[in-house]
Amino acid sequence: MQTDYTYTDDVVVASAQAHTGQGLGTGNPADAFVVEPPRTRTKKTPRRTRTNFEMLAWLFMRLSGVVLVVLILGHLLIMLVLDGGVSKIGFAFVAGRWASPFWQGWDLLMLWLAMLHGSNGMRTVINDYAEKDSTRLWLKTLMGAATVFTVLLGTLVIFTFDPNI
Amino acid sequence: MSTPTVEKHSAALDAAELGGVKLITVTVRIRRFNPEEHPDPVWVDYQLEMDPKERVLDALNKIKWEQDGTLTYRRSCAHGICGSDAMRINGRNRLACKTLLKDVNPEKPITIEAIKGLTVLKDLIVDMDPFFQAYKDVMPFLITKGNEPTRERLQTAEDRERFDDTTKCILCAACTSSCPVFWNDGQYFGPAAIVNAHRFIFDSRDEGAEQRLEILNDREGVWRCRTTFNCSEACPRGIEVTKAIQEVKRALVTRRF
Amino acid sequence: MQIHKYDTVIVGAGGAGMRAAIESTQRSRTAVLTKLYPTRSHTGAAQGGMCAALANVEEDNWEWHTFDTVKGGDYLVDQDAAEIMCKEAIDAVLDLEKMGLPFSRTEQGRIDQRRFGGHSRNHGEAPVRRSCYAADRTGHMILQTLFQNCVKHGVEFFNEFYVLDLLINDGKTAGVVAYELATGEIHVFQAKSVVFASGGTGKFFKVTSNAHTLTGDGQALVYRRGLPLEDMEFFQFHPTGIWRMGILLTEGARGEGGILRNKDGERFMERYAPVMKDLASRDVCSRAIYTEIREGRGCGPDGDHVYLDLTHLPPEQLDAKLPDITEFARTYLGIEPYTDPIPIQPTAHYAMGGIPTNVEGEVLRNNTDVVPGLYAAGEVACVSVHGANRLGTNSLLDINVFGKRAGIAAANYAETVDYTELPENPAEKVQALVDGLRESTGTESVAQIRKELQESMDTNAMVYRTGDTLKAAVADIAALRERYKNVAIQDKGQRYNTDLLEAVELGNLLDLAEVLAVSALAREESRGGHYREDFPTRDDKKFMQHTMAYQEVAADGTTSIRLDYKPVVTTRYQPMERKY
């Protein structure tokens, strides 16, 4: 900083720029060392979403959660407690159950809801904890692929199950 | 009305009035950081004689005034109303001026560091601009349509009560900087911005709720809240922050507010 | 160094600054320079309310309000200004409501009103409900609402820019010089008009409700530019500060029915003010409390405080109307106000004096002439609507009414004129000040000098003053000013150098404390907040006029204070004896 300067229009600053919501870049050489959080707020942040995806995802978590409680507790009850518990489970038992469209539907619903609920939960965990955009993209792609694979395979099995195999 | 009250002296009042203070030795451990001197932060211990009834801010002042003038922090009103001195004291976000030494176990070293999730510029000073940017992005002002009335707008006491809790916010950033989602993703609006949106969404005089809700429906909006309740615990004004966020979520689903 | 060009520059972002900014931003290119983030300003600490004769709950009119203001100020009020303030109070409250301020409401949904000290029906008959409030957070709500509206209007803030000098060229305002805390860089702001709204100067007292940041920066730098300071001897001591800490407990607590009691449990205000009792004006209550303490009726082991008793009020009422102050008692004293009385003592609260202005907010350079382009509003200014003692709530009114007026006037003025050329080397003085402190090898510490200043002021220039104590204060301050020349700071860095900031602030405090003591010594009478035990009565013949203090700089650089006096504007009310 100097005290002897010549006043020309060149040094006139048109507008406030020191504090712009970016915070940094104050011209202080020490800025190179500031302790920064992983991701800071940027200009693009207030970006209106055209869809309600996040809201629907949030609602889905609440609703599927309630339904899953019923489905999973019922499932556990039938599998582990009623009619002699675990010992009864065998190929014949499964085959018998899946002969009824009701149980087919139950298991199908349970598979879809549990997988979507779980993977949506994982998606939020990845969103929260992955620091880099690329890491986030990779993790989500992997998880999405695993979910699609599991759901499709499970659905295929339920619908194409042949008790006479 | 004129019953003398001095007879019913409680033990608390006696304790408050006790003149002879017992000083204790307090160790204050502060995470110092001055990029002009060294690129890395460092923990520094200070020992001082303090009355346990004094504030943590008094301890910081005593250090600055008597031991180390380079210690840097923000402070103004010193009684929890201006929101300058939010910091992490023993791992929890508090206002230094609203925390008494005796309440943070002065037997052990008291650790003090800058609030998390915002860029640390020097010692306990962080860059508040991203925080205020999030606040500005939720349109924190009364939006009305039509002509202004000549007198005041009417509002029933119940309608006024509806958003009373969130009007208490002093923008100290204790909530936002206690939020684990915000720590990892500064793009998240954060509890404070949502609280200030809530203050207007539920104000019966306001007509901009739809716009604000749309903003908070964003990917970085209310849906990122994981209801960990850190914000409610951190709020020095006792605002039920998590509840306010849930109410905004509910308003988004039901479109009733 | 950077140079910025704005039409209007506002210094300070508290209530008055932001109210002015909202107006001037809509009319001219405006920058607001503030040494704090705007919402940190001390307007937010105001609690009880803002008076306006809305007559929402009982009969009232602005003329009664004017009378109360004039009487409260012990007739040192400029009555034309008080009339304007009380008349425009109604619109000021309604403006705030329309901006979104969440006032507490009546059952009909109107703005609720409550009693407040010194506010009466029909010229002193009985207390009146005039104070519009939002629980005990009125100041907080005003500050937040104004900030919200600044965001709405896109006001350009320069946060943590500390203004250190005012530039005047050829008698006209040219701009200000500011120090950027974040970087240590010096910025020159060239402006057509400048509004000072930098707040009070209470930090030269030890027990004070004022924030650490209230160090009279605006007053001091205007004063050093040869402009006068008006009525600096009048400082208000709020009766109910938390004992030893000075934290404010609103007068609204007494408005809701709270009672002051001495150690015998006696409601002693009945003796001092038979009609208004606990709601007498602040100077009367503060003196009464000190009299009780001096005469041995104080509470506690050292008998150095009295009680504010709220225990007879229902807890629901305390929760609804006084939530913050009850929490202060719990947090800082560890007592429960439902069941225990709160130990209190008078606390230094508000500077009635300041930079003299006319009703448009234009700063006076002598008794009659203004400095073109220079404005002031809020606690930094002295219009004078507060006279010798400010009525409770009138400060919030002052910032809104005169903040708005100053903002409009400054912006309008900026439209009509061209920039005044900057003086040569505009930042020279500030650079020298900052460099001098940074490079000083002195031995004196800022904290030590400040502590001694505060102790001397508390002992010598508080509620009770005498010629001797004031002379002691003048001597103490002179010695401290001498020592201040040898002050050194530990932090030599550029970034956020708050050590440097505190040193500069102390310089301001010392200058202003001296003005206070010298003005008080010359005022050989007792009026409002200024009470001389050696001259215990009001002397209208000699002192029914405003003090104007000027800094005189001798050829060798030594400074002295020259006192002058300015007549009081009287319109309707002739001075009478003041009784509550």
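**Close-ups of chains B and C**

**View 1. The two domains of chain B.** The domain assignment, automatic or taken from a database, splits chain B into domain 1 (22-126) and domain 2 (129-145 + 156-254). This is a predicted model, so to speak of its local features takes pLDDT of at least 70, and side-chain atom pairs count only at pLDDT 80 or more, while totals for chains, interfaces and linings use all residues. Residues are numbered from 1 along each chain as its sequence is written, with chains lettered from A and ligands numbered from 1 in the order in which they are written. Taken over C-alpha atoms, the centres of the two domains of chain B sit 28 Å apart. Each domain puts 14 residues into the contact, where contact means C-beta atoms, placed from the backbone, within 7 Å. On the domain 1 side, strand 4 (residues 92-95) of chain B chips in the most, with 4 residues. That side has 6 nonpolar, 4 polar and 4 charged residues. Here Ala, Val, Leu, Ile, Met, Phe, Trp, Tyr, Cys and Pro are nonpolar, Asp, Glu, Lys and Arg are charged, and the others, Gly among them, are polar.

**View 2. An open sheet in chain B.** Five strands line up in the order 2-1-5-3-4, with mixed pairing. Strands are DSSP runs of E with at least two residues, helices are runs of H or I with at least four, and both are numbered from the N terminus; two strands pair if DSSP finds at least two bridges between them. Strand 2 (42-50) and strand 4 of chain B each have a single partner strand, so one side of each is left without a neighbour in the sheet. On average, neighbouring strands are turned by 35° against each other, direction ignored. Strand 3 (residues 86-89) and strand 5 (residues 110-113) of chain B pair in the antiparallel sense over 2 bridges, and I89(B) has I112(B) as its bridge partner.

**View 3. Helix 2 across the strands.** Helix 2 of chain B lies across strand 1 (24-32), strand 2, strand 3 and strand 5 of chain B, and runs at about 100° to strand 2. Axes are lines fitted to C-alpha atoms, for helices over the stretch in contact, and angles run from 0 to 180 degrees between N-to-C directions.

**View 4. Where chain B meets chain C.** Here 51 residues of chain B touch 62 residues of chain C. Helix 1 (11-17), helix 2 (56-67), strand 6 (120-122) and helix 4 (157-162) of chain B each give two or more residues to the chain B side. Helix 1 of chain B gives the most, with 5 residues. By class, this side of chain B has 23 nonpolar, 15 polar and 13 charged residues.

**View 5. Two positive phi values in chain B.** D123(B) isn't a glycine, yet its phi is about 40°. D123(B) sits in the loop between strand 6 and strand 7 (125-126) of chain B, and counts as buried with 26 C-beta neighbours inside 10 Å. F229(B), also not a glycine, has phi near 65° and lies in the loop between helix 8 (209-216) and helix 9 (230-234) of chain B. F229(B) is partly exposed, with 13 other C-beta atoms within 10 Å. The cut-offs are 20 or more other C-beta atoms within 10 Å for buried, 12 or fewer for exposed, and in between for partly exposed, with C-beta atoms placed from the backbone.

**View 6. A cis peptide bond in chain C.** V383(C) and S384(C) are joined by a cis peptide bond, omega about 5°. S384(C) is in the loop between strand 18 (381-382) and helix 11 (394-416) of chain C.

Note on methods
Two residues are in contact if their C-beta atoms, placed from the backbone, lie within 7 Å.
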